[in-house]
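Please walk me through the internal spaces of this protein, and through the strand that helps to enclose one of them.

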Amino acid sequence: MVGTMQPQLKVPNVADNPDGWGPPDGFVMLENQLQNVPYAPFSKNERVGRVADWTRNYNARPNARSGQESSVFDFVFDEADEESFRLVDGKPPPKPRFGPRWRFQQQRQLPQRKDEEVEAKKREAEKERQRRDRFYHQNRNNMQRREAAVFKSSVDIQPEWTMLDQIPFTTFSKLSYSVGEPEDLVMCGALEYYDRVYDRVAPKSEKRLERFKNRNFFKVTTTDDPVIRRLASEDKATVFATDAILATLMCAPRSVYSWDIVVQKVGSKLFFDKRDGSQLDLLSVNETSQEPLPEAKEDINSAHSLSVEAAYINQNFSQQVLIRDGNKVEFEEPNPFASEGEEVASVAYRYRRWKLDEDVSLVARCEVHSVLDLRGNTQFLTLNALNEFDPKYSGVDWRQKLETQRGAVLATELKNNANKLAKWTAQALLASADVMKLGYVSRIHPRDHFNHVILSVQGYKPKEFAMQINLNTSNMWGIVKSIVDLCLKLNEGKYVFVKDPSKPQVRIYEVPTDAFENDYVEEPLPEEEQVPPPTEEETAAKPDEEKDVDADV
């Protein structure tokens, strides 16, 4: 454009340094007339001298004694200005989190809290440790007391008995045998119907346990059974027994208390019997528990007292849960043990036969206690009752746990009464019962062993319950088959199987043929050994003699 001045670019004078990089060492005249002003950064906390100095060692600290003069380009600041400078952030620089020092010294460098929360956790941990130690020592003492407790043998071993063999229970657990379905030979007795109202009983609506003194219960052994005698005379089988005896043998590995079974071999036949007043007529309580029971027989919580109480509860419970209106299911033969006009408990006997092999068959008398009509189908029931005597022994209060934690109550009973529950299940399987009813009966007060209440009733299918308690049917029959084979090899006579009171094993004794027949009959002494009764004169003179003796003393 004409008449307009164009701007001109004036290049400043740039000092050239041919010997290196950076400003020259000599005196240089600058256009802004700034002389003797070294290059310095704007941040005062970065005390560097030059922009780049490849020859200076910054790690070496300056030594005042060395006499070396500082470079012209070293930063020099005013002391008054330095004193007026304050840092806003006073935190120390962060430490590196990588490298060997942090990896191996991490726990030592982390700060530890010592406030109330940490102290409370330490106290709780110490209490938990003490509780575990106390529980461990308590269990250990209980185990020692349980092992130290001397269980008496169920029968007194006589010196004339000959021990033939002893079988450890470990061999029983390895046995297995399968049998076919049983055959019903005879059915006797009559059954009353089950009252389904008791299925709705709960701890809040408990029912008082009634007493049935007028109804008779029979615990007849094998050789005293007229039906078994008849079947034996007809050669219906080789081996004869009852369901209670077979269940005892089948569940022998779970037993702790001593028991005994009498075996009689007559010709080629075997009869498994029980003694009069045998422990098989009672029900064990807390047999497999780790908590020992009182040893005094007079104590209401001793093993013997609880067994009698449990048998009493079981009998009354089996009759109370029935519809007692006279309506019964009668079978082909009446009760073989009842007299005419006698009131008997609701029970039916099924005489069943199992084929063990080609030459050996077994007949057993099995019991069912009630019947239930469900949609037109008749179902057989077995009725049994578990009893609670004192919650402190089991650790579970039924009145509090039955409604909300019934599984925990049953698990505790399976732990404390494994043998009893297994025998009940085995008897239900032998009788081919459709349902087994378990009642939960408790004392009104822990110190009152006469009055009880029904808290609940639960039903189970025997096969499913056997799987739940790990009861193997093949193993049960394997034990029976091995014992039958062993007894068939013996000579004709009488033998006794005795469970060792302190060891998990069973012993076989050969006993005289008249053993156990005169246990409860006292034979009179000869006349020359009898002491004559005192005369009236001797009786009158005896108090005077006692007075004279007291006076002398």
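About 720 Å³ of space lies in the largest cavity. This is a predicted model, in which local features need pLDDT of at least 70, side-chain atom pairs count only at pLDDT 80 or more, and totals for chains, interfaces and linings use all residues. Residues are numbered from 1 along each chain as its sequence is written, and side-chain values use heavy atoms, with hydrogens and water left out. A cavity here is a set of points, on a 1 Å grid over the protein atoms alone, where a 1.4 Å probe fits but cannot get out. Its volume is the space filled by probe spheres set on the points, which are joined across faces, edges and corners.

The lining of the largest cavity is made of 40 residues, and K219, N314, E367, H369 and Q427 are the closest to the centre. To count as lining, a residue must have an atom within 4 Å of a point. By type, the lining holds 16 nonpolar, 16 polar and 8 charged residues. Nonpolar covers Ala, Val, Leu, Ile, Met, Phe, Trp, Tyr, Cys and Pro; charged covers Asp, Glu, Lys and Arg; the others, Gly among them, are polar. At least two lining residues come from each of helix 7 (243–250), helix 8 (303–320), strand 8 (347–355), strand 9 (361–368), strand 11 (377–388) and helix 12 (418–430). Helices (H or I, at least four residues) and strands (E, at least two) are DSSP runs, numbered from the N terminus.

Strand 9 is mostly covered, with 8 of its 8 residues buried (under 20% relative accessible area with a 1.4 Å probe, protein chains only). S361, V363, R365 and E367 point one way from the strand, while L362, A364, C366 and V368 point the other way.

Strand 9 also has paired neighbours, where pairing requires that DSSP finds at least two bridges between two strands. Strand 8 runs antiparallel to strand 9 and is joined to it by 8 bridges, among them the one between K355 and S361. These two strands form a hairpin with 5 residues between them. Strand 4 (residues 239–242) runs parallel to strand 9, with 4 bridges; T242 has R365 as its bridge partner.

How many cavities of 30 Å³ or more does the structure hold? There are 2, and the second largest has a volume of about 70 Å³. Its lining includes V285, N286, W398, E413 and N417. Strand 11 and helix 9 (391–394) are the elements that give two or more residues to this lining, which divides into 4 nonpolar, 4 polar and 3 charged residues.

Terms used
On a 1 Å grid over the protein atoms alone, a cavity is a set of points where a 1.4 Å probe fits but cannot get out, and a pocket is an open set with protein on both sides within 12 Å along at least five of seven lines; lining residues have an atom within 4 Å of a point. Buried means under 20% relative accessible area, exposed over 50%, partly exposed in between (1.4 Å probe, protein chains only).
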